[in-house]
Number of protein chains: 2
Amino acid sequence: MPRKTTTDKTPRAKTSASAGRFSYDGLDRVLHEKARLGILASLAANPDGLLFNDLKQLCVLTDGNLSRHLTVLHEAGLLETWKGTTGPRPQTMCRLTANGQRRFAEYITVLEQVVADAQRDAQPATTPPLSKRRSPA
Amino acid sequence: MPRKTTTDKTPRAKTSASAGRFSYDGLDRVLHEKARLGILASLAANPDGLLFNDLKQLCVLTDGNLSRHLTVLHEAGLLETWKGTTGPRPQTMCRLTANGQRRFAEYITVLEQVVADAQRDAQPATTPPLSKRRSPA
DNA sequence: CACAATACTTTGTATTATAAAGTTATCACA
DNA sequence: TGTGATAACTTTATAATACAAAGTATTGTG
C-alpha cells in the first residue's frame, strides 16, 4: 500500500502556485546587488560611457567599493574599461558591453515579473489559497 | 584664489544625472536578496499564510536555507511564525506582519523605479550625456 | 622640493548565504 | 516493541563577498 507522502505530486494550479513559482532564478548574483545594479543602471542610461568619478557620485560609492564592483562586472564580461586622460589626470571610462546590455535587459525583465507578482497581490485575492489544510487528522 | 576642486558643486540637471541618482538607497539588504525576495513575494501572494514546505517548494530552497532566511525575516519583524500541527506532524505557518507588508510594498516601489530607469534607457536617449569633457586641457 | 590632492588599487575584516550535519518526533512493520 | 525510514526543522561550519581602510602612483602648488 503506497504511503501518503507529504511531498505530494497533486497537479495544483500551474499558474500561480506551482513549485518554483517564486524562485526567481533569473536574479543573477552578479547583477542582483544594490551597488552593481546602480552601476549597471547608470551605464545603461549613458551608453557612451561614464567616468569613475561619475559613477562614484551617481551611485554614492567609496573608491574602493566602486573599484571592486567594476572588477567583478568586468570579469563577468558586462562592462569594458578604457584608461585615458582627461586633461592632466588619468581617467577610467566605463561602458557596457553588448553582452552587458543584454544581460541587464534580461535582469530587468525578471524585476518586472517580481513587480507584476507584487501588484497582483494588491488585487482582492484572485489567487486560490494554497494548502489550507491538506490532511485533517 | 579658490582652486577648482574636481568634486564640483555645479548644479547639473537634477532630474536624471544628479549625485545619488542611482544609489537606490531603498534596496534594503534584508529584502533585496533572491531567496528572501521570493519568500516575501510568496507570502504577499498568500496573505493567509504559508507552511514551511509550501515556501520550500515555491522558492526551491533547502531546509536549512529556508530556516535561516525565515529567522532573518522574523528578526527583522517582517514575518510572524506559528507552530502547530497539521494532522500528526508539526508545522510552521508563516505570514507577513503588517510591517512586513508595508516594507515589501516600499521595496517594490523602488524596484519599479529601477525598471522605469531601465525602460527610459530603451528610449532614443532623451537624457543629456553626462560629463563628456569637463575641463579641456 | 615638500605638501596636498587626484584617481584609483590592494588588503583586511566582518557579514552572510549556503550546504552539511544534527535533532526531535512520528510512522511502518517485523 | 524496537528498528529503520521519513518529516520537519535547527544548528553548525564554510566559502563568498561587500565594504572600508590603507596603500600607491602621479600631478599640481607655493
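**Notebook: the protein surface at DNA strand C**

I began with Ser67(A) and found that a polar atom of its side chain lies 2.8 Å from a phosphate oxygen of DNA strand C. I note that the model is a predicted one.

I then looked up the corresponding contact from chain B. Arg36(B) places a polar side-chain atom 2.7 Å from a phosphate oxygen of DNA strand C.

Next I asked which residue has a side-chain N or O atom 3.4 Å from a base oxygen of the strand. I found this to be Arg89(B).

I listed the elements that contribute two or more residues to the surface near DNA strand C. In chain A they are α2 (52-59), α3 (63-75) and β3 (89-96), and in chain B they are α1 (34-45) and α3 (63-75).

I turned to the full set of surrounding residues. DNA strand C has 23 residues around it, and the closest are Asp63(A), Ser67(A), Thr92(A), Arg36(B) and Pro88(B). Of the atoms of DNA strand C that come within 4 Å of the protein, 71% belong to sugar and phosphate.

I recorded the composition of this surface: nine residues are charged, ten are polar and four are nonpolar.

Finally I followed β3(A) away from the DNA. I saw that β3(A) pairs with strand β2 (residues 79-86) of chain A, antiparallel, over eight bridges. Within this pairing, Pro90(A) in β3(A) stands opposite Thr85(A). I checked the hairpin of β2(A) and β3(A) as well: two residues lie between the strands, and Gly87(A) adopts a positive phi near 65°.

Terms used:
Residues are numbered from 1 along each chain as its sequence is written. Chains are lettered from A and ligands numbered from 1 in the order in which they are written. This is a predicted model: local features need pLDDT of at least 70, side-chain atom pairs count only at pLDDT 80 or more; totals for chains, interfaces and linings use all residues. Side-chain values use heavy atoms; hydrogens and water are left out. A residue is near a molecule or strand if one of its heavy atoms lies within 4 Å of it. A polar contact is a pair of N or O atoms within 3.5 Å; within protein, one must be able to donate a hydrogen and the other to accept it, and residues adjacent in sequence count only if both atoms are side-chain atoms. Helices (H or I, at least four residues) and strands (E, at least two) are DSSP runs, numbered from the N terminus. Ala, Val, Leu, Ile, Met, Phe, Trp, Tyr, Cys and Pro count as nonpolar, Asp, Glu, Lys and Arg as charged, and the others, Gly among them, as polar. Two strands pair if DSSP finds at least two bridges between them.
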